[in-house]
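Thanks for coming. I will walk through one structure this morning, starting with a sheet and ending with a few side chains.

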Amino acid sequence: MSVPGPSAGEFEWLTFEQAGVVSTAQAVGVLGRGAVRGRIRRNVWRRICRGIILTGNGQLVRDQQLWVAVLAAGPGALLAGNTAATEGGVRGLRTEPIQVLVPPTHKPSMSIPRLPLDMPGVRIYRSGYLPAGHRQVGRPPRTAMARSVVDAAAWSRSPREARFVLAAACQQRRVRPGEVADVVAAMPRLHRRRLIWMTLEDIEGGAQALSEIDFVALCRRYQLPRPDLQERRTDAEGRVRYLDAYWKKWRLHVEIDGAHHMNVRHWAADMLRQNEMWIAGDRILRFPAWLVRADPAAVAAQVRAALGSGGWHGAGSM
């Protein structure tokens, strides 16, 4: 929508700020009930659902869908979780349903009215803890990034999805692990609190990708020593490389191969780097990321054997 001109009135600015989506109460308060009914009857405007109007008659675009969700949820509603984090710039998260957080004054049984086909699903969550620092001014208003990431992890469909949300937000530099930890510390009854804490510790320890977080979790589960992550090393040509997981004491390096290793150039470069490490005397194990998830016992057994060959004799030798 174009910016209203100097002579624009209150309602023009309201529709601009809300992407053309208004509540019936907002429209009636400025224009009167008769004018609003007339526009809807003539199909100049479109009724989206009970209490929500589009000041046009086209299909809803994303900005308008977000405003419908917030306005339909009632006063004080905010975009939250995956939706707020995505609006803040985190890539790769689920975009549906639209997640909305409402204050505890809302009725527990509250639900969104029936929505049209061009409107995705909306999921409403209630929270008794929403301080000013967890809110962010926006169009529509949303929770601040750290709170959004915490909620997205807590509301995720699985522990793995929760870890992915945390890794993506931190890896993409949209939030610092310490900022997320501050939110977690203030929410003692948070769902998946322990998982979120452990994942943040892994990220602080150097884990950058979800595959690395999965591998650290595997080491913890099978009582293997914790590796150093993203260990810096200079190759024979003077270029700085980073090792996925490395045990310096036992000279073992584990490489977790993601999808990019299917690329021939990546594969060749990785093979040359691996050869340099072998020449220098390090042991190297390579596992595809899917195997770390699908058969962690087999991966752990090989890592344990390689550590043993390097002189590790169990927990006492850590």
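**Strand 5 and its surroundings**

Strand 5 is joined to strand 6 (residues 122-126) by 5 bridges, and the two run parallel. Before I go further: this is a predicted model. Within that pairing, Ile98 has Val122 of strand 6 as its bridge partner. Strand 4 (residues 78-79) also pairs with strand 5, this time in the antiparallel sense, over 2 bridges. There, Leu78 is matched with Leu101 of strand 5.

How many of the residues of strand 5 are buried? The strand covers residues 98-102, and 5 of its 5 residues are buried. Both faces are covered. On one side sit Ile98, Val100 and Val102, and on the other Gln99 and Leu101.

Gln99 brings me to Asn82, because Asn82 is also a buried residue, with a relative accessible area of 2%. Asn82 is placed in helix 5 (residues 81-87). Leaving aside neighbours within four places in sequence, Asn82 is in contact with Gln99, as well as Leu93, Arg94, Ala152, Glu161 and Val165. Another residue to look at is Asp151: its C-alpha atom is separated from that of Asn82 by 7.9 Å, though the two are 69 residues apart along the chain.

Now the cores. As background, nonpolar side chains in soluble globular proteins tend to be buried together. In this model the largest nonpolar core has 58 residues, and the members that touch the most others are Phe215, Trp247, Val254 and Val303. Helix 6 (residues 145-155) supplies the largest share of this core, with 8 residues. There is also a second, separate core of 23 residues, and among its members are Ala77, Leu79, Ile112 and Val122. Val122 has come up already, as the bridge partner of Ile98.

Back to Phe215 in the largest core. Which residues is Phe215 in contact with, leaving aside its neighbours within four places in sequence? They are Pro227, Ala245, Trp247, Val254, Ile256, Val292, Val299 and Val303. Phe215 counts as buried because its relative accessible area is 1%, under the 20% cut-off. Trp247, at 2%, is buried as well.

That leads to the aromatic pairs, of which the structure holds 4. I will show two of them. In one, the ring centres of Phe11 and Trp45 are 5.7 Å apart and the planes are at 25°, so the pair is stacked. Phe11 is in helix 1 (residues 10-17), while Trp45 is in the loop between helix 3 (33-41) and strand 2 (46-49), 34 residues apart. Both Phe11 and Trp45 are buried. In another, Phe215 and Trp247 have ring centres 6.1 Å apart with planes at 70°, so this pair is edge-to-face. Phe215 belongs to helix 10 (residues 210-221) and Trp247 to strand 10 (residues 240-247), so the pair ties together parts 32 residues apart in sequence.

Trp45 has one further partner to mention. The charged end of Arg39 sits over the ring of Trp45, at 5.1 Å from the ring centre.

Last, the cysteines. How many disulfides does the structure hold? The count is 0. Cys170 is buried, with a relative accessible area of 6%, and Cys219 is buried too, at 1%.

That is what I have; I will take questions now.

Note on methods. Residues numbered from 1 in each chain as written. Predicted model: local features only at pLDDT ≥ 70, side-chain atom pairs only at ≥ 80, totals over all residues. Heavy atoms only, no water. Core = buried A, V, L, I, M, F, W, Y, C linked by side-chain atoms within 4.5 Å. Buried < 20%, exposed > 50% of the residue type's maximum accessible area, 1.4 Å probe, protein only. Helix = DSSP H or I, 4+ residues; strand = E, 2+ residues; numbered from the N terminus. Contact = heavy atoms within 4.5 Å. Pairing = 2+ DSSP bridges. Disulfide = S-S within 2.5 Å. Phe/Tyr/Trp six-rings, centres within 6.5 Å; stacked < 30°, edge-to-face > 60°. Lys NZ or Arg CZ within 6 Å of the ring centre and 35° of its normal.
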